[in-house]
Amino acid sequence: MANFFDRVYQVVARIPRGRVASYGQIAEMLGHPRGARTVGWALHELPQGSRVPWHRVINAAGRISIPEVEEAHEQRIRLEQEGVVFDERGYIDMRRYQWRPPLPRPAEGRRISTPARRASRASR
DNA sequence: GGGGTGACTTTAT
DNA sequence: CATAAAGCCACCC
């Protein structure tokens with residue numbers, strides 16, 4: 001079975017251009033709600049030139065969380081190239097850019113009943 | 001297998 | 001908002 005680091009890379013690889021996720025969010029998706037620091041460590045360990053979009057992961061406050069100045073700058077540049085806007089204090093608007101992965105398809109046979117669906121059925 | 005190590009998060013001030 | 005402190009946890013000797 002893939003170790004935690006590899007699973008982190010798999011999830012991060014799914015973040016689309018122009019969206020971001022927090023370390024805690026990634027950890028939560030992997031079933032480790034308190035494993036945020038480990039996610040950060042996993043990304044820290046990525047080899048240079050990796051295809052994993054590590055720059056799309058930031059902290060829960062909406063800021064870049066890399067201590068090394070040069071790498072942090074590269075992360076900001078990459079995000080800005082994807083259209084992500086930083087405010088004057090270096091914050092990203094998470095409500096606007098946070099990645100919300102599609103929910104897994106409901107099990108076969110189960111149908112979700114919504115008001116719109118009911119209305120559509122009634123008018124037919 | 002115990003302990004050190006963080007690209008974190010939450011809470012309190 | 002900006003710290004600070006405490007809790008956290010997979011990995012690597």
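**Exercise 1. Find which atom of Leu-43 meets a base nitrogen of DNA strand B, then follow the other base contacts of that strand.**

*Solution.* Start at Leu-43: one of its polar backbone atoms is 3.5 Å from a base nitrogen of DNA strand B. Keep in mind that this is a predicted model.

Next, move to His-44, where a polar side-chain atom lies 3.4 Å from a base nitrogen of DNA strand B. Then look at Arg-37: an N or O atom in its side chain is 3.1 Å from a base nitrogen of DNA strand B.

**Exercise 2. Describe the protein surface near DNA strand B by element and by residue class.**

*Solution.* Begin with the count: 14 residues surround DNA strand B, and the closest are Tyr-23, Gly-24, Arg-37, Ala-60 and Ser-65.

Now assign elements. α2 (23–29) and α3 each supply at least two residues, and α3 has the largest share, with five.

Then sort by class: seven residues are nonpolar, six are polar and one is charged. Finally, turn to the DNA side. Of the strand B atoms within 4 Å of the protein, 48% belong to sugar or phosphate, and the rest belong to bases.

**Exercise 3. Work out which parts of DNA strand C the protein approaches.**

*Solution.* First take the overall split: 66% of the strand C atoms within 4 Å of the protein belong to sugar or phosphate, with the rest in bases.

Now go through individual contacts. A backbone N or O atom of Phe-4 is 3.0 Å from a phosphate oxygen of DNA strand C. Arg-34 also reaches a phosphate oxygen of this strand, through a polar side-chain atom at 3.1 Å. For a base contact, see Thr-38: an N or O atom of its side chain lies 3.3 Å from a base oxygen of DNA strand C.

Two elements, α1 (4–12) and α3, give two or more residues to this surface; α3 gives the most, three. The residues around strand C include His-32, Trp-41, Arg-63 and Tyr-91. By class, the surface has four nonpolar, three polar and three charged residues.

**Exercise 4. Is Arg-56 buried or exposed, and which residues does Arg-56 touch?**

*Solution.* Locate Arg-56 in the loop between α3 (36–44) and β2 (57–58). Its relative accessible area is 10%. Buried means under 20%, so Arg-56 is buried.

To finish, list its contacts. Leaving out residues up to four places away in sequence, Arg-56 touches Ile-15, Pro-16, Arg-17, Gly-18, Arg-19, Val-20 and Ala-21, as well as Gln-75, Leu-79 and Glu-82.

Terms used: Residues are numbered from 1 along each chain as its sequence is written. Chains are lettered from A and ligands numbered from 1 in the order in which they are written. This is a predicted model: local features need pLDDT of at least 70, side-chain atom pairs count only at pLDDT 80 or more; totals for chains, interfaces and linings use all residues. Side-chain values use heavy atoms; hydrogens and water are left out. Helices (H or I, at least four residues) and strands (E, at least two) are DSSP runs, numbered from the N terminus. Buried means under 20% relative accessible area, exposed over 50%, partly exposed in between (1.4 Å probe, protein chains only). Contact means heavy atoms within 4.5 Å. A residue is near a molecule or strand if one of its heavy atoms lies within 4 Å of it. A polar contact is a pair of N or O atoms within 3.5 Å; within protein, one must be able to donate a hydrogen and the other to accept it, and residues adjacent in sequence count only if both atoms are side-chain atoms. Ala, Val, Leu, Ile, Met, Phe, Trp, Tyr, Cys and Pro count as nonpolar, Asp, Glu, Lys and Arg as charged, and the others, Gly among them, as polar.
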